[in-house]
Amino acid sequence: MLTGKQKRYLRSMAHHLDPIFQVGKGGVNDHLIRHIQEALEVRELIKITVLNNSGEDRDEVGAELSEKSGAELVQVIGKIVVLYKESRDKKKIELPR
């Protein structure tokens with residue numbers, strides 16, 4: 001579980017990132033989750049866009065992505081979801097205590 005200080009730090013880092021995945025009308029599926037897990041292992045911090053045609057609540061999509069990928073939900077703002085998961089092999093981000 002991330003502290004408020006850690007979430008603020010991750011939000012500041014994510015500000016400059018571009019979204020690398022989109023959730024559309026197909027919703028969240030196993031294929032998307034697998035790709036998100038692989039990206040998190042390499043990058044640790046990613047942004048995902050929830051498209052307007054998805055028809056799902058963005059907060060619910062964020063929670064579902066976080067739960068199924070095993071990542072921490074950092075932020076849902078507008079149509080953007082930010083996820084963080086510490087990499088096992090390629091740890092780059094050092095969180096404040």
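Which hand does the crossing of helix 2 and helix 3 have, left or right? The crossing is right-handed. This is a predicted model. The briefing starts with that helix pair, moves to the nonpolar cores, and ends with single residues.

**Helix 2 against helix 3**

- Helix 2 and helix 3 pack with their axes 10 Å apart. The angle between them is about 70°.
- Angles of 65 to 115 degrees count as roughly perpendicular, so helix 2 is roughly perpendicular to helix 3.
- On the helix 2 side, the residues in contact are Leu32, Ile33, Ile36, Gln37 and Leu40. On the helix 3 side they are Leu65, Lys68 and Ser69.
- Sorted by class, this contact has five nonpolar residues, two polar residues and one charged residue.

**The nonpolar cores**

- The largest nonpolar core has 16 residues. Phe21, Val23, Ile36, Ile46, Ile48, Leu65 and Leu83 touch the most other members.
- Several elements give two or more residues to this core. The helices are helix 2 (30–43) and helix 3 (58–69). The strands are strand 1 (21–23), strand 2 (45–50) and strand 4 (80–84).
- Helix 2 supplies the largest share of this core, with five residues.
- There is also a second, separate core of 10 residues. Among them are Leu10, Val74, Val82 and Ile93.
- In soluble globular proteins, nonpolar side chains tend to be buried together.
- Phe21 touches Leu32, His35, Ile36 and Ala39. Phe21 also touches Ile46, Lys47, Ile48 and Thr49. Residues up to four places away in sequence are not counted here.

**Buried residues in helix 1, strand 2 and helix 3**

- Ala14 sits in helix 1, which covers residues 4–14. Its relative accessible area is 1%, so Ala14 is buried.
- Beyond its neighbours within four places in sequence, Ala14 is in contact with Leu45, Lys47 and Val82.
- Ala14 and Gln75 are 61 residues apart along the chain. Their C-alpha atoms are separated by 9.6 Å.
- Thr49 belongs to strand 2. Thr49 is buried, with a relative accessible area of 9%.
- Setting aside neighbours within four places in sequence, Thr49 is in contact with Pro19, Phe21, Gln22 and Val23. Lys79 and Ile80 are also in contact with Thr49.
- Ser66 is part of helix 3. Ser66 has 14% relative accessibility. Buried means under 20%, so Ser66 counts as buried.
- Past its neighbours within four places in sequence, Ser66 is in contact with Ala71, Glu72, Leu73 and Leu83.
- Ser66 and Tyr9 are 57 residues apart along the chain. A distance of 18 Å separates their C-alpha atoms.

**A partly exposed residue in helix 2**

- Val42 lies in helix 2. Is Val42 buried or partly exposed? Val42 is partly exposed, with a relative accessible area of 38%.
- Leaving out neighbours within four places in sequence, Val42 is in contact with Lys90 and Lys92.
- Val42 and Arg88 are 46 residues apart along the chain. Their C-alpha atoms are separated by 9.2 Å.

Notes:
Residues are numbered from 1 along each chain as its sequence is written. This is a predicted model: local features need pLDDT of at least 70, side-chain atom pairs count only at pLDDT 80 or more; totals for chains, interfaces and linings use all residues. Side-chain values use heavy atoms; hydrogens and water are left out. A nonpolar core is a set of buried Ala, Val, Leu, Ile, Met, Phe, Trp, Tyr and Cys residues joined through side-chain atoms within 4.5 Å. Buried means under 20% relative accessible area, exposed over 50%, partly exposed in between (1.4 Å probe, protein chains only). Helices (H or I, at least four residues) and strands (E, at least two) are DSSP runs, numbered from the N terminus. Contact means heavy atoms within 4.5 Å. Axes are lines fitted to C-alpha atoms, for helices over the stretch in contact, and angles run from 0 to 180 degrees between N-to-C directions. Angles under 35 degrees count as roughly parallel, over 145 as roughly antiparallel, 65 to 115 as roughly perpendicular and the rest as oblique. A crossing is left-handed if the near helix is turned anticlockwise from the far one by less than a right angle, and right-handed if clockwise. Ala, Val, Leu, Ile, Met, Phe, Trp, Tyr, Cys and Pro count as nonpolar, Asp, Glu, Lys and Arg as charged, and the others, Gly among them, as polar.
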